[in-house]
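Please open the model in a viewer and set the display to show ligands as sticks. The tour begins at one of the ligands and proceeds from there.

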Amino acid sequence: MKQFKIKTINAIAKEGIGLFDTRFLVDPSETDPEGIVVRSSKVELTQFPNLLAIARAGAGVNNIPVEEATEKGICVFNTPGANANAVVELVYTSLGIWLRNVEKSIEFCQGLTGMNDDEINREVEARKKKFKGEEMAGKTMAVFGLGKIGVGVANAGLHHGMRVFGFDPFPALDNIHHLSPEVTLARSRKEALAQADFISIHMPLNKNTHGYVTEKDFLEFVKPGAVLINYARGPIVDEDAVLAALASDKLRGHVSDFPSVKFLGHDQILVTPHLGASTSESEENCATMAVKELKNYLEFGNIVHSVNFPNIETIPTVDVHTRLTVINRDQPGMIAMISNILGDKHINIKNYTNKSNGTVGYNIIDCAGPVPVDVQEKIAEQEGVLRVRMIPLEIRGRQV
Ligand SMILES: NC(=O)C1=CN([C@@H]2O[C@H](COP(=O)(O)OP(=O)(O)OC[C@H]3O[C@@H](n4cnc5c(N)ncnc54)[C@H](O)[C@@H]3O)[C@@H](O)[C@H]2O)C=CC1
Ligand SMILES: O=C(O)C(=O)COP(=O)(O)O
């Protein structure tokens with residue numbers, strides 16, 4: 001029986017790894033993997049010629065060269081929503097720490113070590129005024145990016161007693177269904193920013209969002225004294241522009257999950273070490289979802305939660321002998337070409353499923369009999385075809 005070689009990069013939760021059964025050989029030092037499970041480490045594709053799929057146990061895929069993967073016919077998955085709650089909770093924890101001076105007050109308490117209880121009490125009551133903070137209730141929050149995390153942050157803002165604006169030029173219907181109707185959908189960045197005391201960024205890092213938070217079209221619109229929160233990705237924020245905004249009191253503070261040379265040690269900036277998704281629950285959710293996606297693709301060619309290929313899931317019926325999958329550029333004539341090559345060889349197609357995402361087409365072709373290697377090769381060499389796979393169906397008691 002075919003065994004798939006899986007490479008793990010980063011610590012992947014054992015609850016996910018445990019889902020790989022005897023059909024999979026899982027090894028962090030695998031040098032020729034067919035599947036990779038990864039968190040935030042950068043993935044280089046040139047080293048892995050037989051790689052079929054990468055599952056990102058998390059949301060952001062900026063550590064994976066997605067366009068290169070597409071050209072090579074490598075499917076990239078992520079785990080939408082699996083770590084969203086962890087980020088939502090940390091956004092409010094960190095904002096609370098910033099607003100109530102919790103970090104500095106803890107340092108102060110540690111400095112009381114060595115005093116007796118009377119002395120400690122006297123110092124506490126005399127000096128606590130230094131740490132006076134402010135509340136979230138009654139303030140206004142602007143959330144940029146109303147995806148799995150942004151919707152959670154917006155809804156939680158209401159629960160903290162705030163007025164909330166949300167801005168997202170390409171919202172997904174499924175996410176918007178979970179957004180409370182009390183959140184105001186802003187039609188422009190300016191509208192979202194004009195009244196916001198707190199601004200929270202929750203969009204992916206890509207070529208359109210690199211340096212998104214800069215003076216022009218963003219910081220120029222903030223209400224003086226706002227606090228900027230970034231639990232999305234470091235490079236979405238132009239660090240020099242934020243430092244200038246802090247120096248001119250346009251921004252009062254910055255809370256970020258992405259420490260940097262320029263941010264460390266700055267009195268108005270609170271940084272955490274990319275901790276957004278680091279909870280037991282979130283790591284388990286992400287790992288189990290990523291492993292299920294990878295298994296489903298390697299064993300059945302099904303695609304669920306891909307960021308570069310169309311999503312299609314079909315179960316082979318009992319009369320299917322061989323499942324063939326073809327990845328192609330989205331161009332006319334591909335289905336006819338594949339059907340004709342199979343028809344010329346008298347291979348009966350039981351089910352044909354095709355879907356496009358506008359860039360890539362994906363075909364699942366369930367055949368009644370075996371598909372000889374020369375037929376696969378003929379399809380693979382046609383213009384526009386990126387990759388062809390024959391899926392072994394031994395798992396269903398067949399030998400192919
Ligand atoms: N700090 C951490 O540990 C974590 C950080 N993240 C980051 O958060 C990002 C968002 O995660 P999810 O909400 O799960 O993703 P998601 O894909 O559900 O939502 C992203 C949203 O951003 C929107 N968007 C894209 N460009 C935009 C723009 N220019 N302006 C406003 N909105 C825009 C999209 O339309 C989408 O609705 C991830 O891509 C990742 O970089 C995610 C998880 C953990
Ligand atoms: O899911 C994401 O996008 C994250 O940033 C989480 O990253 P991590 O899995 O904690 O390395």
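Select the shell around ligand 2: by class, three of its residues are nonpolar, five polar and three charged. In this classification Ala, Val, Leu, Ile, Met, Phe, Trp, Tyr, Cys and Pro count as nonpolar, Asp, Glu, Lys and Arg as charged, and the others, Gly among them, as polar. The model is predicted: local features need pLDDT of at least 70 and side-chain atom pairs pLDDT 80 or more, while totals for chains, interfaces and linings use all residues. Residues are numbered from 1 along each chain as its sequence is written, chains are lettered from A and ligands numbered from 1 in the order in which they are written, and side-chain values use heavy atoms, without hydrogens and water.

The residues to select around ligand 2 are Arg39, Ser40, Arg56, Ala57, Gly58, Ala59, Gly60, Asn83, Arg233, His274 and Ala277; each has a heavy atom within 4 Å of the ligand. Next, display the polar contacts (pairs of N or O atoms within 3.5 Å). A side-chain N or O atom of arginine 56 is 3.0 Å from an oxygen atom of ligand 2. For alanine 59 the partner is a backbone N or O atom, 2.7 Å from a ligand oxygen, and arginine 233 places a polar side-chain atom 2.8 Å from an oxygen of ligand 2. Ligand 2 taken alone exposes 320 Å², of which the protein buries 89%; these areas come from the Shrake-Rupley method with a 1.4 Å probe.

Move to ligand 1. Among the 26 residues around ligand 1, the nearest are Lys148, Ile149, Asp168, Phe170 and Asp257. Histidine 274, already selected around ligand 2, has a polar side-chain atom 3.3 Å from an oxygen atom of ligand 1. A polar backbone atom of lysine 148 lies 2.9 Å from an oxygen of ligand 1, and one of tyrosine 231 lies 3.1 Å from a nitrogen. The protein buries 88% of the 870 Å² that ligand 1 exposes when taken alone.

Finally, return to arginine 56, which lies in strand E4 opposite valine 38. Strands are DSSP runs of E with at least two residues, and helices runs of H or I with at least four, numbered from the N terminus. E4 (residues 53-56) runs parallel to E3 (residues 35-38), joined by four bridges; strands pair if DSSP finds at least two bridges between them. Colour the whole open sheet, whose five strands follow the order E2-E1-E3-E4-E5 with parallel pairing. Strand E2 (24-26) and strand E5 (75-77) stand at the edges with a single partner strand each, so one side of each has no neighbour in the sheet.

Notes: A polar contact is a pair of N or O atoms within 3.5 Å; within protein, one must be able to donate a hydrogen and the other to accept it, and residues adjacent in sequence count only if both atoms are side-chain atoms.
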